[in-house]
Amino acid sequence: MHKLLSRISKLLSMSRRSLSPSSSPRPSKRAKMDHLTKEDFKNGVFLAPMVRSGALPTRLFALKHGATLVWGPEIVDKAILHSTREVDPVTGVVSYNGVSRAIFTTHPIEKPYLIYQMGSADPDLAVQAAKIVMQDISGIDLNCGCPKPFSTHAGMGAALLTNPDLLCAILVALREAMPSHITVTAKIRLLPSQEDTLKLVERIVNTGVSALTVHCRTRNMREKDRAVIERLREIVEFVEGMGKDIAVVENGDCKDWEDAKRVRAVTGAHSVMIARGAESNPSCFSPEPLKDVETTLIPAYLNLSKYLQNHWSLTKFCVGQFKGTRMQVTKADSLAMRQTLSQAKDYSDMEHLMTSLTGEQEFQQIIEAIEKKPPREHRMLLTEISLPHDEQDHEEKATTITPQGTQNPEPPGSGAPFLPNDTGKPHTKIPGHDATTPTPSGVLSLTSL
Ligand SMILES: Cc1cc2nc3c(=O)[nH]c(=O)nc-3n(C[C@H](O)[C@H](O)[C@H](O)COP(=O)(O)O)c2cc1C
């Protein structure tokens, strides 16, 4: 084991980039604050909203490696209402702190690309919550797809799919209350019938949204069920026919940048959104994603997360999800690293695997990468893409209904993990404390790192 770890350390030193150490901490330059338009939702490859996995360091790595826009994890409206906004004077990290934990953290560098996702079942609360965070974000997205009981029992998430009046009332209220430079969008799932889906889509588009994401699974489908992306083309054409210039964003089973071309060719979607592919490797937005994540992504991620004071438990969770093609790193090396990670109690237990690059230098590289190649310019402008034969056949045969046998009696979940105290049970409400939300717990004790 010791031998394997020292081999990883050796590989790490081989992969270290030469970078002159910064003499003094350079305050991060604020990104150019231009506003999103409907066009910004086209030709993009986006980071999907992911509770826990969509943490700030992950979003920053996604942007560094080419994600066009990034969605934050779903935050329930009530959760943010009683938070206190604090800015770290050294890193610039903006933290919305609840009584017992940080509800949401962001950094000004991501603001031009950041869509804040909200869970809500109440137009007034949605507007109040949006007003709290609007200075730090570019758009608000309404989660209309989460099938987990913590969302649906309160009428949020996928419950909105069968309550279109409420769904649209929230979108209308947000659109009316937000200044025009804050976009309002929605993320839905397919309804079992295509006809009902089109009716819902029509109503949503008429609320004035700037884009619509469609997760190509129904509420009752599991993540392992193939996303029925073939149903999306008709939806895209329908939305285009409405003449409102709204982008339809495909979500479901897109792995990476290369795969996004296939998905766009099959669906005609204006953009593609990736969740689990990015959870495994946030550099999947690049035509050349990082390989050997044990010596490339993971050390850099640990350094950056430590510098940004990302809570260790959140970092540990995210790092545990990373995997990618191995070139130099052996399976044994990878296993040894993961074993060390599983036993690590804080950043210091992983220090031997961190690069000589400091977290601050890592952060400067991210800032430079975003400033040098703004993600909005990293567009997927499609030339003609021809589908492989078997996919063309598949497309022709595709039905417009959810495949038989995939409609589970229990809403199985969007993949959003249950929190330790959320395993199917309703959240315990702490009176006078933070409202329930599917965001990670225990993210407040930033100074304990
Ligand atoms: C860890 C995890 C957390 C998620 N959290 C959210 C969330 O907060 N809001 C949301 O709308 N969807 C959430 N989802 C669903 C994804 O955004 C996406 O719709 C789904 O995973 C399908 O995309 P994929 O096939 O690229 O993974 C989550 C998924 C995962 C894996």
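## What packs around helix α4

What covers the buried residues of α4? The model you are looking at is predicted, and in it the cover of those residues includes α3 (77-81), β5 (94-97), β6 (102-106), β7 (114-119), β8 (139-144) and α6 (164-177). Helix α4 itself spans residues 123-133.

Which residues of α4 are buried? They are A126, V127, A129, A130 and V133. Looking down the axis of α4, you will find these buried residues within an arc of 165 degrees, so they line one face of the helix.

## Strand β10 and its partners

Let us move along the chain to strand β10, residues 211-218. Why can β10 be called largely enclosed by the rest of the structure? Eight of its eight residues are buried, so the rest of the structure largely encloses the strand.

Strand β10 has a parallel pairing with β9 (residues 183-190), made over six bridges. If you would like a residue pair to locate this pairing, try A186, whose bridge partner in β10 is L212. Strand β10 also pairs with β11 (residues 247-251), again in the parallel sense, over five bridges. Here V214 is a handy marker: its bridge partner in β11 is E250.

## Two β-α-β units

Helices link up with these strands as well. Helix α7 (residues 194-205) joins β9 and β10 in a right-handed β-α-β unit. Helix α8 (residues 232-241) belongs to a right-handed β-α-β unit with β10 and β11. Strand β10 therefore takes part in both units, and it is the strand whose eight residues are buried.

## How α7 meets α8

The helices of these two units also meet. At what angle do the axes of α7 and α8 cross? They cross at roughly 35 degrees and come within 10 Å. On the α7 side, the contact is made by Q194, T197, L198, V201 and V205. On the α8 side, E234, I235, F238 and V239 make the contact. The crossing in which α7 passes α8 is right-handed.

## The β4-β5-β6 sheet

Finally, have a look at the open sheet of three strands, which has the order β4-β5-β6 and antiparallel pairing. Its edge strands are β4 (84-87) and β6, each of which pairs on one side only. From one strand to the next, the twist averages 20 degrees.

Four bridges join β4 to β5, and the two strands run antiparallel. One residue to pick out here is T84, which has N97 as its bridge partner in β5. Strands β5 and β6 bring us back to the start, since they are among the elements covering the buried residues of α4.

Technical notes: Residues are numbered from 1 along each chain as its sequence is written. This is a predicted model: local features need pLDDT of at least 70, side-chain atom pairs count only at pLDDT 80 or more; totals for chains, interfaces and linings use all residues. A residue is buried if 20 or more other C-beta atoms lie within 10 Å of its own, exposed if 12 or fewer, and partly exposed in between; C-beta atoms are placed from the backbone. Two strands pair if DSSP finds at least two bridges between them. A crossover is right-handed if, with the strands pointing away from the viewer, the path from the first strand over the helix to the second runs clockwise. The arc is that of the directions from the helix axis to the C-beta atoms. Two residues are in contact if their C-beta atoms, placed from the backbone, lie within 7 Å. Axes are lines fitted to C-alpha atoms, for helices over the stretch in contact, and angles run from 0 to 180 degrees between N-to-C directions. A crossing is left-handed if the near helix is turned anticlockwise from the far one by less than a right angle, and right-handed if clockwise.
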